[in-house]
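Let's work through a few short exercises together. Keep the viewer open and try each task before reading its solution.

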Amino acid sequence: MEILVDVLAEVARKPLGGPTQPECIAVQGKGMERWLSLELARRLGVWANPDFPFPRRLIERILDSVPECRTERGRVFEPEVLLWSIVELLPAYLGRAEFRPLRNYLGGDATGVKCVQLAERIADAFDHYVVYRPEMLLQWEEGSGESGLIGDGNQWQPVLWRALVGRHGSVHLAARARKFLAALASGAEPVGLPRRISIFGLSTLPPIYVRVLDAVSRFAEVHLFLLSPSPEYWAEIRSQREIACALRAEGLSREAAEEKLHLEVGNPLLASLGRLGRDFQRVLESASQYRDGVQCYVPPAETTMLGILQSDIFAMRERGTPSCPPLPLSPEDDSIRVHSCHGPMRELEVLHDQLLDLFDRDPTLEPQDVVVLAPSIDAYAPYVDAVFGTERKIPYCVADRRATAAQEVARAFLSLLRLLPGRSTAPELLDALALAPIRARFAIAAEELESIQSWVAAARIRWGADAEHRAEHGQPLRRENTWQFGLDRLLLGYAMQGREQVLFGGVLPLDDIEGSAAEAAGRLADFCAQLTRYQRGLGGARRTVPEWCRWLEGLLDDLVAAEEPFAAEHAAVAAILRGLGAEAELAGSTVALAFQAVRGQVERALGRAWPARGFLRRGVTFCELVPMRSIPFRVVCLVGMNDGAFPRVARPVGFDLIAQHPHWGDRSPREDDRYLFLEALLSARERLILTYTGQSIRDNSKLPPSPVVSELLDVLERSFSAPGGGVRSAAQTC
């Protein structure tokens with residue numbers, strides 16, 4: 001990757017035109033954008049005015065460069081907008097015979113929750129069709145292509161797609177790309193294109209993107225900077241599993257297959273983990289007329305176990321065969337370490353000790369030279385803070401955390417969304433009140449929380465806003481042990497001394513509140529009153545999505561602080577709510593839905609709104625194992641490499657035609673993760689540390705690692721001979 005940046009720097013060094021002309025470099029993530037900016041600044045001295053679009057936004061910008069392909073309504077086919085169009089259209093079509101499977105699924109959906117969830121999955125499936133099956137969708141629009149691949153139970157998909165196109169017009173990416181390619185073929189010239197387009201480090205692109213880039217390359221420079229594991233042609237190598245499947249399909253013996261099918265493994269790790277990159281190589285060759293540029297391969301140094309492993313992948317060698325015998329392993333070689341641990345906490349403790357040892361042994365190694373990747377960073381972030389926040393502190397930063405974990409206002413607002421339709425139990429309300437943005441809104445100090453908790457316990461508050469709220473949950477119409485009951489006791493106790501013996505209006509005063517403590521009790525009452533008001537407004541109400549968004553914005557203003565230090569986050573959450581309402585309005589949604597149906601989409605909008613941040617800030621970087629994390633580091637650590645957690649198990653919906661009839665070049669979460677693991681192996685410059693939960697913390701029973709870790713250990717076992725046992729025995733139990 002460092003060599004690719006060297007070449008990119010030489011390309012970017014050539015002026016594009018005026019100083020205001022931005023340099024367009026498409027990347028897959030914010031982490032790669034930050035790393036590229038730092039590296040280009042080191043090489044060029046000054047790096048300013050860059051443009052880092054994601055691939056889809058780049059393609060849409062290219063399509064807009066031809067006037068007849070330009071549209072302002074292209075967003076209606078984005079999945080976030082499309083789902084509201086589907087919610088609007090589905091009820092009118094459920095009576096048709098083709099929609100019987102959906103009608104059966106949606107039976108009894110009084111709140112509309114199932115309808116919104118189904119529409120979300122359909123919108124995601126259609127969005128994948130647009131990119132990976134554009135020809136199929138275009139045939140559906142023309143009324144053909146509805147047999148064969150669709151099969152029984154899926155005939156509703158072409159009908160629904162035509163209804164969507166009829167509602168919004170044929171302004172989706174597949175139709176625009178076809179029109180764009182036809183316009184260029186007929187002599188049209190794009191207007192406003194970047195003079196140079198660079199695609200940096202992407203592992204794969206859909207064929208339709210490659211065709212658009214190939215067509216536009218006649219009018220602008222298009223550079224693809226691709227990280228390839230080997231200079232050899234490896235698009236045709238196959239894993240042992242794929243070879244076994246081919247043998248069964250052909251009914252051939254292994255010897256006959258080698259002569260007839262010419263199947264070879266090459267390097268077993270490259271064959272097994274590299275399917276995504278292998279398919280992308282075929283996509284490039286079939287969908288474009290690319291010209292090979294500079295070949296920037298440098299063989300890895302074969303001085304350590306890690307270097308030899310990378311060199312074998314580079315040269316497509318299968319070590320441990322007669323032609324390439326295993327090598328003796330030095331006892332001091334710790335370039336690859338695999339640790340089997342008792343749970344995530346122990347994984348982080350082991351990693352902490354390993355890093356301290358590395359820093360002690362190598363004074364040149366600094367915390368910023370280390371990256372720690374996890375399949376789910378939110379699951380490991382609390383353990384990171386618990387272990388790395390100790391006295392022997394290693395500087396670190398945690399990137400890629402979700403909004404609910406990193407944004408205080410978003411977390412507080414989501415807690416209110418979950419609280420509104422509930423029973424308002426005492427622990428739930430106290431937990432919400434303990435959140436800083438809510439506490440600040442009602443001017444409750446942190447030290448007052450303990451007193452409030454003791455008052456709630458002494459007043460015998462259990463659940464329910466009042467008697468009517470209890471009745472809504474199927475309980476008798478009684479006010480005892482509700483918040484209204486408890487607050488009446490608290491406030492009356494301040495107004496008069498009952499000495500736990502005198503009733504006033506049927507209420508026994510609670511004498512615990514005296515002096516200035518009454519102010520905190522009043523603020524608690526204010527919080528409960530505001531929350532109860534919104535619970536009353538919830539009830540069985542049905543509103544359109546824009547109406548719900550305006551109602552929720554009022555909830556945000558009334559119960560969450562909008563002053564510093566929460567002003568920016570408050571404004572961002574309000575903007576997200578307005579954006580969700582605008583998406584529904586763009587889709588023309590007029591369906592009245594219950595609160596439960598909208599809440600899930602609000603949570604999803606908040607989750608996707610904040611981009612990944614915190615990458616390469618300071619110290620050891622902890623981040624999610626996501627595409628484009630092939631950035632080189634001296635030490636690469638992978639935690640949480642457990643069976644079932646990584647690679648992800650793909651569970652497509654039953655009507656997903658791509659999953660039913662896959663093509664090479666399709667995206668698969670499992671294959672994506674396997675390629676990520678390969679990229680992580682190649683991006684480690686000096687050491688690779690892997691940890692997984694290998695023993696149950698309950699009964700010490702053995703738990704298997706991720707399949708990719710098992711494959712790595714198998715290859716190391718065949719490739720090296722260690723004194724006193726195999727390489728696999730070097731995996732430590734911690």
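## Rings, charges and strands

**Exercise 1.** Start with burial, keeping in mind that this is a predicted model. Is Tyr396 buried or exposed?

*Solution.* The relative accessible area of Tyr396 is 17%. Buried means under 20%, so Tyr396 counts as buried. Try Phe622 in the same way: at a relative accessible area of 2%, Phe622 is buried.

**Exercise 2.** Classify the aromatic pair that Tyr396 and Phe622 form.

*Solution.* The structure holds 18 aromatic pairs. For Tyr396 and Phe622, the centres lie 6.0 Å apart, with 85° between the planes. Centres within 6.5 Å make a pair, and planes over 60 degrees apart count as edge-to-face, so this pair is edge-to-face. Now place the partners: Tyr396 belongs to strand 8 (residues 396-398) and Phe622 to strand 11 (residues 620-624). With these positions 226 residues apart, the pair links distant parts of the chain.

**Exercise 3.** Which ring does Arg441 lie over, and which does Arg543 lie over?

*Solution.* Arg441 lies over the face of Phe442, 4.9 Å from the ring centre. Arg543 lies over the face of Trp548, at 4.5 Å from the ring centre.

**Exercise 4.** In what sense do strand 3 and strand 4 pair?

*Solution.* Strand 3 (residues 196-200) and strand 4 (residues 221-225) run in the parallel sense, paired over five bridges. Look for Phe200, which stands opposite Phe225 in strand 4. Finally, add helix 10 (residues 207-216): together with strand 3 and strand 4, helix 10 makes a right-handed β-α-β unit.

Methods: Residues are numbered from 1 along each chain as its sequence is written. This is a predicted model: local features need pLDDT of at least 70, side-chain atom pairs count only at pLDDT 80 or more; totals for chains, interfaces and linings use all residues. Side-chain values use heavy atoms; hydrogens and water are left out. Rings of Phe, Tyr and Trp (its six-membered ring) pair if their centres lie within 6.5 Å; planes under 30 degrees apart count as stacked, over 60 as edge-to-face and the rest as tilted. Helices (H or I, at least four residues) and strands (E, at least two) are DSSP runs, numbered from the N terminus. Buried means under 20% relative accessible area, exposed over 50%, partly exposed in between (1.4 Å probe, protein chains only). A charge sits over a ring if NZ of Lys or CZ of Arg is within 6 Å of the ring centre and within 35 degrees of the ring normal. Two strands pair if DSSP finds at least two bridges between them. A crossover is right-handed if, with the strands pointing away from the viewer, the path from the first strand over the helix to the second runs clockwise.
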